Amino acid sequence: MVKIKINGKTFKAPEKSTIIQVADDNGIEIPRFCYHKKLSIAANCRMCLVEVKNFPKPLPACATQVNEGMEIFTKSKQTKDCQQSVMEFLLINHPLDCPICDQGGECDLQDTAMAYGSPKSRYQEEKRVVLNKNLGPLVSTDLNRCIQCSRCVRFLKEVGGMQELGLIGRGEHAEISAYVEKSVDSEISGNIIDLCPVGALTSKPFRYSARTWEMVRKSTISPHDSLGSHLEAHVKDGNVMRVLPKENEDINECWISDRDRFSYIGINSEDRIKTPLLKTGSNFKPISWDEAFHTLERVFHPSLNKFKEDEVAIFSSNQITLEEAYLLDKLASYVGTKQVKFDVANNPNLIANPSLNGMIGDVESFENIILLGSQLRNENPLLLQRLRKMGNAGKTINIINTVDFDLQLTVSNKIIQPIKDFQKTFEHIHKILSTKVAKKENSTEKNIANLLSEKTLLLVGEDIYTNPAFMNLTNVINQLIDLTSMKIGCLPTGSNSVGLQQMFGNYVNHIDDKKYQASISLNLELEDIKDKSLFERVLKKSKFNVGVTPFLNKNSKQFDLILPSTTHFENEGTFVNLESRVQSFSQTISPKFESKPLWKILRVLGNFIDCPDFTFESCSEIKEKAVQKLSKNKLKRFNLINQQVKHHSKDFWLKDINNSDALVRRSTALQNTKRLRSEK
Ligand code: SF4
Ligand code: FES
């Protein structure tokens, strides 16, 4: 630690920290544009210049490290003169079009100009004009407003992993440019909208739809991946107008994926189901909720229709909340079925307690990562950016996979092979370590073997730990854990995959291919289901099919009764993320049309069919019970469960980040991005 003085007050600061970091830590304001705590230092805007004793010129606070005895003045005349001059300089070419700029009211340039600038401009000459660039369907450009801070350029290179934007030209001619005819393709590109300190990069779907002061901010949790990112939905007149990240250093830091940011557009899709629908012949007729529940009563009430064991099949998305899962569990027992498939995107689990087995932030404390399988770029782009950061910091990222995904990170060792060969590879690694005979060997396996220690984390993707071939691998991996003390973790993908697994541990998570009396499908579409043909076969053979879903979709015709459920933003509940963190969220907007949250539908259904202990008044009352049912077991070694692999498909399912759930599929902006990417 070193002792420094800021404005005459003494502070202790870590060595090598910069003046701006010490000032931020101690609540002292220094204006800045190019500096961002998560990006490299560019020091090109000069807005943070401060006077430092014994230095002839002011120094940039973002790029100057503190030294013992340093005396800094953030409010002196010299500092204020610098701030005013830099502000005047930056505004020379800025169009000052705040009244028609989406950033107005939340603009760093506007705020800083008010606080540190001069009220008058001395600039009489013509301002420069920069042509706007088409960066794709998500980000809109107004490059006359750009102050060349280069935050967007550094973000896409350092965090997004792709150098998609650059600064071309010099001095007054410097401008932001994408590569010729290219849009920005990163899965987390929308973060440049938040990073841009002016209105040069704004959200295309949100453009001109609301002013920042007109919206109410509501917190929620991302439903799209297992990270559980913290989101802030901005609401106006009962509609979600945009979604921004809510900073949480332990989980999503200050970023979110484009899927989290733009999925809200799907809420008002034309496919929304307005009322319950009952099949009559080949058509559906709208009915009231009361009629719908009476129809369900006739099918599911034990006194009217007693089912034999396992005569009801239940398919559920892995995005249903803990509360909904708890009610579903009770209803399933009441109607006497264990034919529940609660994670339709995947095979049934083969191992006990698949989870990250640690905290998300702790991943970065390891020296070596071995990524076994997984489609991280499509499944969990923010976890991938943490690995990217590790690679940039000189740690090793090693990949063993069946497909050579372009993860846009620095990879130290890579083995791409069919999954059936994984066992041989791990046995080879084990042999290298246990016999030490292959000292002269020069192979990727040897490189990986040399990395295995307690500072190594083996992360296994969902594709792999649910594939029957993984059963042959567990033994040798467990031996490697014993030999090297390396740590293990799994990468489940659904927003509540871990919660469902912890609650439904006693279910086998599959559906037999047979004739059922009735089926219930919860918040899912054919595109979400790995075994599509089984789903369609079961629905075809079953006597009565209930679909609970917000949207009409390809398989709607197979249902006899369709109940309109809400989307995530109209619902409340709890998810358990991949690190087993229990996170609750409340309703962001009221349900659209006559849709109801799934937990309310299940609760009322329970009452109609006289399911015992079903008198819950609120979602939080259900949560109390649901959380008690979560298993606390941890993943220490790979322990096989559920070895009946007849229900496991060996097929590899290539996932698409913009096709991951019903809401994402209905976000026009995300679908246009997908189309553009596929056309390249
Ligand atoms: S577009 Fe925005 S973030 Fe990018 S350099 Fe210009 S001002 Fe900075
Ligand atoms: S913030 Fe320091 S030079 Fe830009």
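**A friendly note on this predicted model**

1. A good place to start is an annotated domain. The unreviewed UniProt entry carries the annotation "domain: 4Fe-4S His(Cys)3-ligated-type", which covers residues 78-117. Please keep in mind that what you are viewing is a predicted model.

2. How does that span look in the model? Residues 78-117 are 57% helix and 0% strand. The C-alpha atoms at the two ends of the span lie 14 Å apart.

3. Next, look at the sheet built from E10, E11 and E12. These 3 strands form an open sheet in the order E10-E11-E12, with antiparallel pairing. At its edges are strand E10 (216-221) and strand E12 (239-245), each of which pairs on one side only. From one strand to the next, the twist averages 30 degrees. As a general reminder, strands of a sheet pair through backbone hydrogen bonds, either parallel or antiparallel.

4. One pairing deserves a closer look. Strand E11 spans residues 230-236 and pairs with E10 in the antiparallel sense over 6 bridges. Which residue in E11 is the bridge partner of threonine 220? That partner is leucine 231.

5. Now for the cysteines. In general, a disulfide is a covalent bond between the sulfur atoms of two cysteines. The structure holds 0 disulfides.

6. Are cysteine 48 and cysteine 149 buried or exposed? Cysteine 48 has 2% relative accessibility, so it counts as buried, the cut-off being under 20% relative accessible area. Cysteine 149 is also buried, because its relative accessible area is 6%.

Technical notes
Residues numbered from 1 in each chain as written. Chains lettered and ligands numbered in written order. Predicted model: local features only at pLDDT ≥ 70, side-chain atom pairs only at ≥ 80, totals over all residues. Heavy atoms only, no water. UniProt positions renumbered as here; feature names shortened; annotations may be inferred. Helix = DSSP H or I, 4+ residues; strand = E, 2+ residues; numbered from the N terminus. Pairing = 2+ DSSP bridges. Axes fitted to C-alpha atoms, helices over the stretch in contact; angles between N-to-C directions. Disulfide = S-S within 2.5 Å. Buried < 20%, exposed > 50% of the residue type's maximum accessible area, 1.4 Å probe, protein only.
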